[in-house]
Amino acid sequence: MFLLGGSTAFGYGIADEETIAAHLQPLLIGQGGRPVRVYNFGQGFYYSSQELIQFQRLLVAGIRPDAVMFLDGLNDFFHERDQPFFTDRLRQVMPRDPPT
């Protein structure tokens, strides 16, 4: 199973064994009679649009999980223009016209 989300999914500031993915794995073991592995694809500042793109890239690469969980919430409220977190900062430091 893939877990996609922002920093909450990733588990910033906590040990690996304390992440949501680490807690999900033992809960899912034995469900369906197959071994379960939860892969944590959470990333800081990510929100649903970025996670969807990330998931689509995995699918295009031929990586197909049996299940996917998207853990979203707070970050989606801060991206009403659907722009990644650092977009405005990058615009401030990057030249409009690249050097020729």
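This is a step-by-step tour of the structure, to be followed with the viewer open. The model is predicted, and each stop below names a selection to make and then says what is found there.

**The sheet**

Begin by selecting strand β1, residues 2–5, together with strand β2, residues 39–40, and strand β3, residues 68–71. These three strands form an open sheet in the order β2-β1-β3, and their pairing is parallel. The strands β2 and β3 stand at the edges with a single partner strand each, so one side of each has no neighbour in the sheet. As a general point to keep in mind while looking, the strands of a sheet pair through backbone hydrogen bonds, and they do so either in parallel or in antiparallel fashion.

Now keep β1 in view and ask how many bridges join β1 to β2, and how many join β1 to β3. Two bridges connect β1 with β2, while four bridges connect β1 with β3. A good residue for following this pairing is phenylalanine 2, whose bridge partner in β2 is tyrosine 39 and whose bridge partner in β3 is valine 68.

Next, show the side chains of β1 and turn the strand so that each face can be inspected in turn. Are the residues on the two faces of β1 buried or exposed? Both faces are covered, with Phe2 and Leu4 buried on one side and Leu3 and Gly5 buried on the other.

**The aromatic rings**

Select the rings next, remembering that a pair of aromatic rings is described by the distance of the centres and the angle of the planes. In the whole structure, four aromatic pairs are found. One of them is made by phenylalanine 10 and tyrosine 12, a tilted pair with 4.3 Å from centre to centre and 35 degrees between the planes. Phenylalanine 10 has a relative accessible area of 36%, which makes this residue partly exposed.

Then move to phenylalanine 55 and phenylalanine 70, which form an edge-to-face pair with 5.9 Å from centre to centre and 85 degrees between the planes. Because phenylalanine 55 lies in helix α3 (residues 48–60) and phenylalanine 70 in strand β3, this pair ties together parts that are 15 residues apart in sequence. The two partners can also be set side by side: phenylalanine 55 counts as buried at 15% relative accessibility, whereas phenylalanine 70 is partly exposed at 36%.

To finish this stop, select Phe2, Tyr39 and Phe41, which ring pairs link into a cluster. Phe2 was met earlier as one of the buried residues of β1, and tyrosine 39 as its bridge partner in β2.

**Helix α3 and its surroundings**

Stay with helix α3 and select glutamine 54, which is found in this helix. Why does glutamine 54 count as buried? Its relative accessible area is 14%, and buried means under 20%. Leaving aside residues up to four places away in sequence, glutamine 54 touches Leu4, Phe41, Gln43 and Tyr46.

From there, go to phenylalanine 45, in the loop between β2 and α3, where the backbone deserves a careful look. Most residues other than glycine have a negative phi. Phenylalanine 45, however, has a positive phi of about 70 degrees although it is not a glycine. Phenylalanine 45 is also partly exposed, with a relative accessible area of 40%.

**Two more loops**

Select proline 84 next, in the loop between α4 and α5 (87–93), which counts as partly exposed at 39% relative accessibility. Proline 84 and phenylalanine 45 are 39 residues apart along the chain, yet their C-alpha atoms are separated by 7.7 Å.

Aspartate 72 lies in the loop between β3 and α4 (74–77), and it is partly exposed at 36% relative accessibility. Which residues does aspartate 72 touch, not counting those up to four places away in sequence? They are Tyr47, Ser48 and Glu51. Between aspartate 72 and tyrosine 46 there are 8.9 Å in space, C-alpha to C-alpha, and the two are 26 residues apart in sequence.

**The largest pocket**

For the last stop, look for the largest pocket, which has a volume of about 270 Å³. To find its centre, select Met1, Pro35, Val36, Arg37 and Asp66, which are the closest to it of the 13 lining residues. Colouring the lining by class shows eight nonpolar, two polar and three charged residues.

How values were computed: Residues numbered from 1 in each chain as written. Predicted model: local features only at pLDDT ≥ 70, side-chain atom pairs only at ≥ 80, totals over all residues. Heavy atoms only, no water. Buried < 20%, exposed > 50% of the residue type's maximum accessible area, 1.4 Å probe, protein only. Pairing = 2+ DSSP bridges. 1 Å grid on protein atoms, 1.4 Å probe; cavity = no way out; pocket = protein on both sides within 12 Å on 5 of 7 lines; lining within 4 Å. Points joined across faces, edges and corners; volume = space filled by probe spheres on them. Nonpolar A, V, L, I, M, F, W, Y, C, P; charged D, E, K, R; others polar. Phe/Tyr/Trp six-rings, centres within 6.5 Å; stacked < 30°, edge-to-face > 60°. Contact = heavy atoms within 4.5 Å.
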